[in-house]
Amino acid sequence: MQTKNSTNLGEKATPLSDKKANGKEMPWREKKISNVGYYELLELLNFKKAERVANCGDILEFKKNEEGRLKLARAWFCMSPLCPMYNWRKSMKRSAQTRIIVERVIREKPKARKPVGCS
Ligand SMILES: [Zn+2]
């Protein structure tokens, strides 16, 4: 896992540093290590998707936002439901989508109430 610029023309690779708004490092490294463990199991069991899982999250393209923080612009993930890398990114995407929906409901329906049974 390298930044796009570090793979060009033999430049020396630099470790990825992608920080959250609170300054904590995003767990790319930990998720990739878990992904490799998952890949090894699939390879051992001769699953066809093993190679796809092995390449999950290997290509990441970031852009800097107005605050100077990195934002993932393009990436490739394996789409395997049990892959730790894919699941992490999918959960982040769902979380962001849910936040947008909730903010919109609060803005457009400020008197709306939670359905019975939700906590
Ligand atoms: Zn994956």
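Which residues does Leu42 touch, not counting residues up to four places away in sequence? In this predicted model, Leu42 touches Phe47, Lys49, Ala50 and Val53 on that count. This report describes helix H1, to whose buried residues Leu42 belongs.

**Helix H1 and its two faces**

Helix H1 spans residues 28-44 and has 17 residues. From its first C-alpha to its last, H1 reaches 24 Å, close to the 24 Å expected at 1.5 Å a residue. Its buried residues are Lys31, Asn35, Tyr38, Tyr39 and Leu42. These residues cover an arc of only 105 degrees around the axis, which puts them on the same side of H1. An α-helix has 3.6 residues a turn, so residues three or four places apart point the same way. On the face turned away from the buried side, H1 carries the exposed residues Arg29, Ile33, Gly37, Leu41 and Leu44.

Glu40 also has its place in helix H1. Glu40 is partly exposed, because 13 other C-beta atoms lie within 10 Å, and a residue counts as partly exposed when that number falls between 12 and 20. Glu40 and Glu51 are eleven residues apart in sequence, and their C-alpha atoms are 9.9 Å apart in space. Just after H1, Asn46 takes a positive phi of about 60 degrees.

**Packing against other helices**

The buried residues of H1 pack against two helices, H2 (50-54) and H3 (84-108). The axes of H1 and H3 come within 7 Å and cross at roughly 135 degrees. That angle makes H1 oblique to H3. The residues that make this contact are listed by helix below.

| Helix | Residues in the H1–H3 contact |
|---|---|
| H1 | Lys31, Lys32, Ser34, Asn35 and Tyr38 |
| H3 | Pro84, Met85 and Trp88 |

Among the H1 residues in this contact are Lys31, Asn35 and Tyr38, which are also buried residues of H1.

**The nonpolar core**

In soluble globular proteins, nonpolar side chains tend to be buried together. The largest nonpolar core in this model has ten residues in all: Tyr38, Tyr39, Leu42, Val53, Cys56, Phe77, Cys78, Cys83, Met85 and Tyr86. H1 and H3 each supply at least two residues of this core, and H1 gives the most, with three residues. Leu42 and Val53 are both members of the core, and Leu42 touches Val53. Tyr38 and Met85 likewise belong to the core, and both take part in the contact of H1 with H3.

Definitions and conventions:
Residues are numbered from 1 along each chain as its sequence is written. This is a predicted model: local features need pLDDT of at least 70, side-chain atom pairs count only at pLDDT 80 or more; totals for chains, interfaces and linings use all residues. Helices (H or I, at least four residues) and strands (E, at least two) are DSSP runs, numbered from the N terminus. The expected span of a helix is 1.5 Å times one less than its number of residues. The arc is that of the directions from the helix axis to the C-beta atoms. Two residues are in contact if their C-beta atoms, placed from the backbone, lie within 7 Å. A nonpolar core is a set of buried Ala, Val, Leu, Ile, Met, Phe, Trp, Tyr and Cys residues joined through C-beta atoms within 7 Å. Axes are lines fitted to C-alpha atoms, for helices over the stretch in contact, and angles run from 0 to 180 degrees between N-to-C directions. Angles under 35 degrees count as roughly parallel, over 145 as roughly antiparallel, 65 to 115 as roughly perpendicular and the rest as oblique.
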